[in-house]
Every structure is written in C-alpha cells, then in structure tokens.
Amino acid sequence: MTDKRRYRYGKRRKKQKRKNLLLLCLFIMGLAAGVLFGEKEKTGRGQDDISEYGSLSTETENGLNAETDLKTETVESLEVHFIDVGQGDSVLIKCGENAMLIDAGDNSKGTAVQLYLTKQGVSKLDYIIGTHPDADHIGGLDVIITKFDCDKVIMPEVERDTAAYRDVVMAMEYKGYKNTPPVSGETYQLGEAAFTIIAPNRDYGEDYNNASVGILLCHGENRFIFTGDAESEAEEDMLSNGIDLRADVMKAGHHGSSSSGSDSFLDAVNPRYVIISCGQGNSYGHPHAELLNSLRKRGIQVFRTDEQGSIAVTSDGKNLSFNCAPSETWRSGREEEQ
Ligand SMILES: [Zn+2]
C-alpha cells in the first residue's frame with residue numbers, strides 16, 4: 001500500500017490533465033456499476049433497490065475524492081453473496097475474474113445456486129469449499145461440480161453414508177477431481193483477495209458440524225470469517241490455533257444456533273456485521289434467541305437470509321456496502337414457530 005501511495009503522489013503533479021480524464025471515466029464507470037447492481041436480484045422479500053445499495057457504507061460518502069478513486073482503481077472490488085437457499089448455506093465470493101463457492105444448499109437447491117452463479121457472470125470457479133458433509137451444505141454441490149470447472153475442491157476428510165455425500169463423490173469422479181484436504185494455516189489467493197484455512201484443527205470423529213472447514217478471507221483492510229456449522233468446541237480450537245480471527249463481517253456459525261458464537265469467539269472475532277443463513281420457519285428454531293441477544297448486546301448489525309433473501313456485501317478494500325439495510329426484528333426462529 002505504501003508503494004501505491006507513493007506512486008499516486010508521484011503521478012499527481014505531472015499528469016493533472018490525464019487524471020481529470022481518468023476521474024471522469026471512473027465517475028461514468030461508477031454510475032454504470034450502480035445501475036448494474038441496482039438491477040440484480042429482486043428477491044421478492046428483499047428490499048434491493050438502487051437507492052439502498054451502498055446505503056450502509058462504513059465511511060461517510062466519498063464524493064469524487066482523488067485518493068479514494070485512485071485506490072479503487074488499484075484494488076479490484078470483492079463481492080460476497082450469501083445466497084438464500086432456505087435452511088442451509090451457500091456463499092459466492094467474487095474478486096475480479098476470480099470466484100469461489102462455499103457450500104450449495106441442500107439437494108433441491110443445486111440448480112438455483114447454479115443459476116445464481118450464471119446470473120453473476122460466473123463460468124468457472126477457482127475454489128469450491130464443501131464445509132462438511134451435511135446435506136444442507138453439500139446437497140447441491142454435485143450440480144455445481146458437474147456444471148462448473150473448478151481448480152480446487154476443499155472438503156474435510158470426513159465421509160458420510162448418505163445419498164448427498166455419495167452424489168458429491170460421484171460428481172468429483174466424473175470430473176476427475178481430487179479433494180484437497182484443508183490444512184489450518186494454509187493461504188490461497190483469489191484475485192487480489194486471499195483466504196486462510198482456520199478450521200478444522202483436529203479430528204472430531206463423527207461430529208460433522210465441528211469438522212467444518214473455516215476460512216478467514218481478507219481483501220484490502222476488510223476481513224470476513226466463515227465457519228460452516230462449527231460449534232463452540234471447534235471455535236475453542238480456532239481460538240487456540242494462533243491465527244488472528246478479527247473480522248468485520250462474520251457468517252454466524254450453524255445458522256445462528258446457540259451452539260455457536262460463544263462469548264470468547266465473538267470477543268476474538270469482534271465483528272461489526274453478522275449474516276445469518278437460515279430458512280423461514282425452520283424446524284430447528286434458527287436463529288436462536290441466545291445468539292441474537294449476544295449480538296444485540298454487542299451492537300452488531302445483523303442480516304438474515306430468512307427475512308431478507310440473498311444478501312450481497314461489496315468491499316472496495318476499505319469500505320463495505322450491503323444491498324439492504326440490517327434486520328431490526330431480533331426475532332428468533334422459535335418465536336416464528338408460534
Ligand atoms: Zn447446516
């Protein structure tokens with residue numbers, strides 16, 4: 001960053017005219033991007049709207065400040081889409097031409113996730129992460145693996161005797177792919193972003209949730225944490241593996257269950273925003289009131305796929321913006337049942 005800044009200042013004096021032209025171009029591109037974002041994903045329940053996109057920028061409006069614009073030019077934006085797959089998880093991460101997918105919802109959601117990716121202009125994936133072999137995470141992955149070429153598939157070395165798991169194994173064989181086991185501490189590049197494996201940190205036997213692959217994704221100054229269905233036991237192991245877990249955006253573990261998001265884990269991550277991926281009226285009562293209360297007490301802004309449909313967060317390396325306003329209901333899944 002220091003080099004880029006120096007470069008910026010060096011150019012500034014010499015090429016004022018070119019800079020003005022560049023600013024004009026960036027301004028026009030910005031307008032075009034705004035229109036594009038505004039047009040995508042009318043989820044029905046969501047309030048996606050041009051006027052609301054970016055309304056939650058974490059900094060005050062930038063205007064056409066030369067520094068911000070030049071920085072935007074040097075950092076490809078990162079988009080993280082928490083796709084509404086009902087009760088389950090599916091997250092698309094795009095950075096420039098690069099893309100990765102974490103989970104693909106249950107068996108009935110594979111095609112919906114495929115269409116979502118296509119609509120987002122994704123034709124191949126750099127990485128697919130199947131966090132753990134439960135159907136609400138890997139159920140739709142057989143479709144994704146079959147339809148999209150992928151450089152690396154990362155799944156924990158845990159097998160399950162279920163149709164959902166066997167379908168994924170068959171799709172892998174069909175494409176000639178081999179699994180890359182997750183190794184805590186290893187880092188992978190995704191365009192100008194990078195992610196580090198933070199879990200699993202040991203063998204949890206047949207405790208599939210705790211075997212979840214967890215990652216910390218970094219883009220410029222922004223950090224995102226994803227832990228699948230890891231519960232407090234696996235969270236403890238993440239806390240002791242020595243990796244700095246601080247993150248601006250956290251996907252709530254295990255669909256907002258009280259079994260995840262322990263106080264010590266929330267202390268370490270210290271998120272500003274939490275996204276909960278769960279289905280309306282799900283039989284587990286997710287999200288649980290215990291977790292919602294801890295988030296509320298900490299002043300964390302919460303977004304929920306059960307109330308808001310698919311949620312998209314955009315990072316320019318410094319600021320974060322969301323496609324909708326945070327949820328204000330603080331309503332647990334158990335209350336919804338009544
Ligand atoms: Zn799950």
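Trainee: In which loop is Pro-287 found?

Mentor: This is a predicted model, where local features need pLDDT of at least 70, side-chain atom pairs count only at pLDDT 80 or more, and totals for chains, interfaces and linings use all residues. Residues are numbered from 1 along each chain as its sequence is written. Helices (H or I, at least four residues) and strands (E, at least two) are DSSP runs, numbered from the N terminus. Pro-287 lies in the loop between β11 (273-276) and α10 (289-297).

Trainee: What is omega for the peptide bond from His-286 to Pro-287?

Mentor: Look at the bond that leads into Pro-287 from His-286. That bond is cis, with omega near -5°.

Trainee: Is His-254 buried or exposed?

Mentor: His-254 sits in the loop between β10 (249-251) and α9 (263-269). Burial goes by other C-beta atoms, placed from the backbone, within 10 Å of a residue's own: 20 or more is buried, 12 or fewer exposed, in between partly exposed. His-254 has 28 C-beta neighbours inside 10 Å, so His-254 counts as buried.

Trainee: And how does Asn-270 count?

Mentor: Asn-270 is in the loop between α9 and β11. Its phi is positive, about 50°, although Asn-270 is not a glycine. Because 13 other C-beta atoms lie within 10 Å, Asn-270 is partly exposed.

Trainee: Which strand gives the most to the largest nonpolar core?

Mentor: A nonpolar core is a set of buried Ala, Val, Leu, Ile, Met, Phe, Trp, Tyr and Cys residues joined through C-beta atoms within 7 Å. The largest has 74 residues. Five of its residues come from the top contributor, strand β7 (residues 193-199).
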